[in-house]
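Hello,

As promised, here is the structure we talked about. Have a look at it first, and then read on for what I found.

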Amino acid sequence: MSKEVKPYKGKSSGKKEQVAEMFDNISHRYDFLNHMLSMSIDKGWRKKVVRMVAKEQPKTILDVATGTADLAIALTKANPDKIVGLDLSAGMLKVGQKKIEDRDLTHIISLKQGDSEDLPFEDASFDAVTVAFGVRNFENLEKGLSEIYRVLKPGGKLLVLEFSQPSSFPFKQVYRFYFKNILPAMGRLISKDQSAYTYLPESVDAFPYGKRFTDILGRLGYQKSRFTTLTFGVAMIYEAVK
């Protein structure tokens with residue numbers, strides 16, 4: 001496994017607690033920063049995830065690490081009967097709940113505070129599970145993925161959208177300069193959190209992306225695992241079936 005990276009290096013609390021604190025701290029500016037710093041490319045990535053989910057025609061969807069519910073809201077386009085969004089951060093869920101209410105989607109989407117490594121759902125509860133930019137934040141990656149496997153129905157699909165690392169010159173060099181220097185500085189200035197947007201590139205560096213991640217899925221029992229590269233390798237969508 002990769003080394004553990006935490007948002008607040010001077011604190012003794014565990015990664016899980018620090019991630020919840022970090023997202024509580026930046027929740028009021030998260031959506032603005034997320035779209036601005038990615039130049040809204042992340043919206044297109046989520047649309048691709050929604051199209052992939054829609055092919056499965058799921059009736060029940062769990063969106064783990066739902067944050068402010070951007071993906072959960074987008075997943076209504078897949079026409080499920082029910083979407084549950086789960087997240088550690090009460091602050092992020094508060095923002096997400098307002099967005100859901102403003103869009104009159106409370107009859108489809110419900111939000112719940114909870115831990116990805118101890119999902120509060122029965123076995124085989126969901127036709128599909130999604131995670132957008134959240135698996136990097138799992139304290140125990142394999143435990144979280146095993147919990148997702150448990151709550152998926154047989155034949156159900158997992159889709160994970162996560163940052164990756166470009167490898168082609170010169171995009172790799174330009175991207176890494178932006179990701180390591182410009183993004184953290186802008187994030188600190190706007191969010192007022194000194195650590196959150198330094199943690200982002202560090203957590204991406206530590207994440208076992210690409211084949212290493214699909215190998216982990218295979219070890220945990222997932223079938224047909226594969227990944228699709230997005231925007232020159234800035235992000236990847238992983239698919240796997242229970």
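Y209 sits in the loop between α8 (196-206) and α9 (211-219). Please keep in mind that this is a predicted model. Is Y209 buried, exposed or partly exposed? Its relative accessibility is 27%, and because buried means under 20% and exposed means over 50%, Y209 counts as partly exposed.

What does Y209 touch, once its neighbours within four places in sequence are left aside? Its contacts are S164, Q165, M236 and Y238. As for L145, 64 residues away along the chain, its C-alpha atom is separated from that of Y209 by 14 Å.

Two of those contacts, M236 and Y238, lead us to strand β7, which spans residues 235-241. This strand is mostly covered, with seven of its seven residues buried. In a regular strand, side chains alternate between the two faces of the sheet. In β7 both faces are covered: one side carries A235, I237, E239 and V241, the other M236, Y238 and A240, and all of these are buried. You may like to find E239 among the residues on the first of those sides.

Which strands pair with β7? Strand β5 (residues 152-163) does so in the antiparallel sense, over seven bridges. Within that pairing, L158 has A240 as its bridge partner. Strand β6 (residues 223-230) also runs antiparallel to β7, and six bridges join the two. There, F227 is bridged to Y238, the residue that also appears among the contacts of Y209. The hairpin of β6 and β7 has four residues between the strands, and T231 takes a positive phi near 45° in this hairpin.

Now for the whole chain. It has nine helices and seven strands. For 242 residues, a compact globule would have a radius of gyration near 18 Å, and the 17 Å of this chain agrees with that. Along the principal axes, the C-alpha atoms fill a box of roughly 45 × 40 × 35 Å. Of the 242 residues, 55% are buried. If you take the contacts between residues at least 6 apart in sequence, 71% of them join residues at least 24 apart.

On the outside, the chain exposes about 11,200 Å², with carbon and sulfur atoms supplying 53% of that area. The chain has 37 positive and 29 negative charges, and their mean positions lie 6 Å apart.

Happy to go through any of this with you.

Best wishes

Note on methods: Residues numbered from 1 in each chain as written. Predicted model: local features only at pLDDT ≥ 70, side-chain atom pairs only at ≥ 80, totals over all residues. Heavy atoms only, no water. Buried < 20%, exposed > 50% of the residue type's maximum accessible area, 1.4 Å probe, protein only. Pairing = 2+ DSSP bridges. Rg over C-alpha atoms; globule rule 2.2 N^0.38 Å. Contact = heavy atoms within 4.5 Å. Areas by Shrake-Rupley, 256 points an atom, 1.4 Å probe, with all protein chains shown as cover. Lys, Arg positive; Asp, Glu negative; His and termini not counted. Charge placed at Lys NZ, Arg CZ, Asp CG, Glu CD.
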